[in-house]
Structures are given as C-alpha cells and as structure tokens.
There are 2 protein chains.
Amino acid sequence: MAARSGEFELIARHFAPIAGRDPAALSLKDDAAIFSPPAGCEVVVTTDALVADVHFRSIDAPELIAKKVLRVNLSDLAAMGATPGGVVLSAGYNRDLSDDWIERFAKGFGEDCAAYDVSLWGGDTVATPGPTFFSLTAFGYVPAGQALRRDRARPGDVLAVTGSLGDAALGLAVLNGEFPDLLPAHADFLKDRYWLPRPRISESSTCVSVNRSLAAMDISDGLAGDCRKICSASNVGLEINRDAIPLSDAAKAVLQQDPNQWQRILAGGDDYELLIAGPRDAIANLGGIVRVIGVVTDQDGVVSLIGPDNKMAELAEGGFDHFK
Amino acid sequence: MAARSGEFELIARHFAPIAGRDPAALSLKDDAAIFSPPAGCEVVVTTDALVADVHFRSIDAPELIAKKVLRVNLSDLAAMGATPGGVVLSAGYNRDLSDDWIERFAKGFGEDCAAYDVSLWGGDTVATPGPTFFSLTAFGYVPAGQALRRDRARPGDVLAVTGSLGDAALGLAVLNGEFPDLLPAHADFLKDRYWLPRPRISESSTCVSVNRSLAAMDISDGLAGDCRKICSASNVGLEINRDAIPLSDAAKAVLQQDPNQWQRILAGGDDYELLIAGPRDAIANLGGIVRVIGVVTDQDGVVSLIGPDNKMAELAEGGFDHFK
C-alpha cells in the first residue's frame, strides 16, 4: 500500500468530482446518500459483481473496464424498463495497482456517468491482496406497476431481440487470438462489442410505453441460457428460428470461416441485448428496434431451435447445435 | 468449482428462502428488485465492501461473518437516522469454499434479516480465485429532510456517544491471543463486541425525533479518526474529556493490566456506536442512551483530548496518547 494513496484521498481526488453535481451524494463525505424517486415512480435496484480475470480482462484498458462495470448494470435496469438514476460503487483494488490505473478507471467511469446521465452517489473503496473486484449497485425509476418482468411470457407470444447476437463472445475470442484472418474492421467491431456493451435504455423505455405486459430480460449469459430463465419464470417453452437471429456482418464473416461458431453465438454471453416476449401486435408496434426470432409455446421449460431445412433440436444450455 | 453448486442453485437453495417474504425481491428470479419508499420519506443508501482477512477473519464462523456484513451497513443507515428497508448482497466466494460454508453464511444472514426486519431484495453471486469478499448495499427510509448529517456540528455543541468504546478493538486483540489473563467473562464480552456490532437503530430514530439538526455518524474507524471526519464536514474542532469516555467493565479490566491500551480504545475501529453533536439541551433530551464526552469548538480541524490532571494534548488520528 505504500506506493498508493489512502482510501479517503482516492475518493476525494478521483471520485468526488464525478459525484459533485448531484446533491444526493452529499459530496461522498457522509455515511450514505439520500434520494427520492420521481412522483409516481418505483425504484428499481440491481447489483453486479465483477472480478478481474473472471468477468473482465485485467490487461484491458482501465477506462474500458470502468465503462463495462457501469454498463452491465445499466443493462439490468433497461431489462426492467427503468430509467437510470444513480449508482454506488464498491471497489476492491488489488494492493499492487497503481494510482495511475485507478485514475484511468475513474476517468472512464466519469465519462460514462456523464454519457448516460447517471450520478455517482457513493461507494466504498478497499484494498485487497487478491484480484481487483467491483460491485456496482444501480438505481433506476419506472412508473409504478409498469416494470418489465421475466414472468409475463404467454404461449402464443412472439419472441424478439434487439441488436445482433454473439458479437461479444466472438470479440473475446478475437482478443484471445482466434480468427486471425478476419478483416481488421470486423475484428475491431467484435472487440468493441465485447468491451463496450450498449445498454438498451431507449428501447426498453419504448417497450414500457408500448405495452406494459411485455416480458423482457437482458441477454448477459447467452441466448441459450437466458431463454431458460424466461421459460422458468413464465412457465413456458420457446421455439427459436436460427435463421431469424440477427447477426452482424462481422459475425457472418466468422461463420463463413467456421460454421461451428454458431455455438458461441447461441451460448456466448456479454451481448446485453434485450430478449422480449409479447403479443405479435405489441411486438410489431416496437418497430425496427427488434427482430422476431421465435415463438412462445406451452411446452414448459423446453427451448427448441429450428435450424436449416426446418430440422428442430433442443437448444441445450451450452448452446450446442445438433444440426451439423 | 466442481465440488460446489452453481450460482443459480446457491441462490435458489440458500438465499431465495430469505428473500421469500418480500414481493420487492421478485423471488430473486428477475434482473432487479422494485421498491417504493413510504409516503413522505426519502431513500438512504449505503454500501460497504468486506474482504476476507482484511475486514473479517476468514477463520471465524460464517454465521458471524454474515451478521457483521449486514450489521455494519445497518449501522451506516442508523448514522443517517434511517429505518432499514432492504439490502442487496454481492458475494464473491473463494472457489474452494464449501457449500456448507455458504449454507452457514446464508443461515446467519437470514437470522439477522429477520432480527432486524430487513428484506433481501437481490444480489449477485460469483466465484473468485482470491479472498472471499462481500459488498452489501442497504436501503433505509427517513422522513424527508430529517436525515442526520455529519456537517451540522456547531461550536458550543456538546459531543456524545452511545454504548461503550474500544471493546471491538480489544476483542480482536483477545482473538489474536492478547490479554490471556483476562477473566473469561470479560474476554467473551469483548470478542462478542468484535463479532457482533449492534447497529444503533432505535437510538438513531430517537435522535431524529428529538432534534432534526443533530450531527451524527457511526464510529467505524475509531473515535480518533472519525472525530476528524465530523470536524472536516462541519468545519469545527472537538475537545474530548478522556475520563468521560464510556468504558465497559471488560475494557476497564484491560486498562488495569495495561494503561497503554487507551490507544486502542481511542483509535481502534469496529465499535459502530453513534457519535452525536448537538445543542446541550437537545442532547439532554436523548436521556440515558448517550453519554457526553466533550464539546465542539471553533478550532477548525483540531481534535484535543483532555487527560488526567486536566492535561490537554492533540488527539492524533492513530489515537496516540501523550499523557503517560
């Protein structure tokens, strides 16, 4: 610890300026922060813990790590239809990390707090002999009773997703040296999708305004695993048309090189797109922000994948694809 | 990880039953929890991170560790005058910890959630190759505008504390093998004070009802250090009468063996008593729940200690006592 500033210095120097603009934070000088939801709104709260070299690559730029820590939590708020309000950040910095690393982390964190109009309300900063970890708790607001939920998918609903799937998992593979023959533009696109998820906040707010009975969640653990969570919460089954899954040009280029990469696209995590189920007309009202990829069935807990030539197989949690 | 259940199993088996009774938690099956403060109240939020063998002894009983993780955060709520509502728990379990350890941790956590009428609203459970860590975020409610704050001490106020000071630091010393000649009852008392802090929730709520302009904080880092935080937030000085500091019989017994232990009593952390400043009559109205230990001065940032024979010395952050 000798080479690094103490906890109070770190907070005052790097984090208090981020908190400065919101009175709720009490300048990070008190035991806690104080806030009130807007009239007619409920508070949505979510928390995610990330450990170095388990949930993020410690060799990546600290600014990028900071942004991911924030964004994965904002994505959980989006999954509930909530507008971000504030966050508290617990940070356990490995005791050999430099002041410079922490300063760069705080810089990235502050940039994204500004970009997403989120306030830093407080936190805790400790030193650890182990891997650096972060635990962020995020607060958002949603009109009372209108939060999106996982348990509202009904047989006959259609299933839709935002954005494109699989990019983040392929980006991590690129970072680990796979697909060396990929065009640089494709490789850069995939890496960016791994580093910087885009929480689907405006899409989520459109879902709330279109129909309060939509089921939704964010795809953080991969399509295959997260589909099972919707099934389990709603007591339904899902039937997914593989060819309908939206793919980026970069992901298509990877699949051309290696069709086995479908497995990563189906099971890889970190996409943070929204998975939405609802009546066909409600989903149609969402317009171009989603693409329909399947239907909700009454086969409780069964997730099926329709592949090439209309062959159907069960989609295992690991995303293994039995069509080949 | 082979020997241990997965994240979802752990949550379903050990933590969902704790959350069961509160609809805000959505059975821990969704991306986030949803809650609303009672009418007329603001939300107070606080977070504390604890790392094994930095902030707690990994050899201690998991039930006790769980209770301390919860209680130190409830103490932060009490410091603001807030009534506890719910908590979210991020847990990073070392990957070699057994299911049994986690089950015992959850048992202790559940017992204390019930004892303090606090709901578990959610969290995140991950595995780490490093030391086990916990980051708890706690939410409480306080009537709007009536939170206790650190920045309200005024010259002429008196300074008071709840309970007795120094017990937890002495308890940790006992656990580490010091004071082997102490009576078993005294040793047990001190260890219990280290393991199981008593968040001063009812005392804090009395403070809010007696006078909304009291300054308060909880003594987590030791009297000497925490006094400086009140000074810094309120731009005042403090003058403390050492002989007025409330001591337990066990702490008095330690001092009889070794008067140098005043340093631990003045600077040792983990007591989680309340430090309160306010007008003399407001403090008197608190009755027997506090003891006056000094006065607030206009000597910005100066914390003085009046010792035996009315000798006065500056109380350094480390609590060194220059009277001997």
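Two strands pair if DSSP finds at least two bridges between them. With that criterion, this report describes a predicted model, beginning with the strands of chain A and moving on to its overall form, its interior and its contact with chain B.

**Strand pairing in chain A**

Strand β10 (residues 291–297) of chain A pairs in the antiparallel sense with strand β6 (residues 158–161) of chain A, over 4 bridges. Strand β8 (residues 237–241) of chain A also pairs with β10(A) in the antiparallel sense, again over 4 bridges. Individual residues illustrate the two pairings. On the β6 side, Val161(A) stands opposite Arg291(A) in β10(A). For β8(A), the residue Ile240(A) stands opposite Gly294(A) in β10(A).

**Overall form of chain A**

Chain A has 10 helices and 12 strands. Along its principal axes, the C-alpha trace of chain A spans about 65 × 50 × 30 Å. A compact globule of 324 residues would have a radius of gyration near 20 Å, and the 21 Å of chain A agrees with this. Of these 324 residues, 54% count as buried. Among contacts in chain A with a separation of 6 or more, 85% are between residues 24 or more positions apart.

**The nonpolar core**

The largest nonpolar core has 210 residues, and Ile276(A) and Ile276(B) are those with the most contacts inside it. Leaving aside residues up to four places away in sequence, Ile276(A) touches Ala160(A), Cys207(A), Leu214(A), Ala215(A), Ala216(A), Ile283(A) and Val290(A).

**A helix with a buried face**

Helix α8 (residues 249–257) of chain A contains the buried residues Ala250(A), Ala251(A), Ala253(A) and Val254(A). Seen down the axis of α8(A), its buried residues fall within an arc of 155 degrees, and therefore they line one face of the helix. These buried residues pack against α4 (167–175), α5 (184–195) and α9 (262–267) of chain A. The face of α8(A) turned away from its buried side carries the exposed residues Asp249(A), Lys252(A) and Gln256(A).

**The contact between the chains**

Chain A gives 44 residues to the contact and chain B gives 44 residues. On the side of chain A that touches chain B, the elements giving two or more residues are β1 (33–35), β2 (41–51), α2 (62–79), β3 (83–94), β4 (119–128), β5 (133–143) and β7 (215–219) of chain A. Of these, β2(A) gives the most, with 9 residues. By class, this side of chain A has 23 nonpolar, 11 polar and 10 charged residues.

Strand pairing also crosses from one chain to the other. Strand β2(A) and strand β1 (residues 33–35) of chain B run antiparallel and are joined by 3 bridges. Within this pairing, Val44(A) has Ile34(B) in β1(B) as its bridge partner.

**Two loop residues of chain B**

Which backbone angle do Asn235(B) and Tyr272(B) have, although neither is a glycine? Asn235(B) has a positive phi of about 55 degrees, and Tyr272(B) has a positive phi of about 55 degrees as well. The table sets out their places and surroundings.

| Residue | Loop in chain B | C-beta neighbours inside 10 Å | Class |
|---|---|---|---|
| Asn235(B) | between α7 (223–234) and β8 (237–241) | 13 neighbours | partly exposed |
| Tyr272(B) | between α9 (262–267) and β9 (273–278) | 25 neighbours | buried |

A residue is buried if 20 or more other C-beta atoms lie within 10 Å of its own. Tyr272(B), with 25 such neighbours, therefore counts as buried, whereas Asn235(B), with 13, counts as partly exposed.

Terms used. Residues numbered from 1 in each chain as written. Chains lettered and ligands numbered in written order. Predicted model: local features only at pLDDT ≥ 70, side-chain atom pairs only at ≥ 80, totals over all residues. Core = buried A, V, L, I, M, F, W, Y, C linked by C-beta atoms within 7 Å. Buried ≥ 20, exposed ≤ 12 C-beta atoms within 10 Å, placed from the backbone. Contact = placed C-beta atoms within 7 Å. Arc of directions from axis to C-beta. Rg over C-alpha atoms; globule rule 2.2 N^0.38 Å. Nonpolar A, V, L, I, M, F, W, Y, C, P; charged D, E, K, R; others polar.
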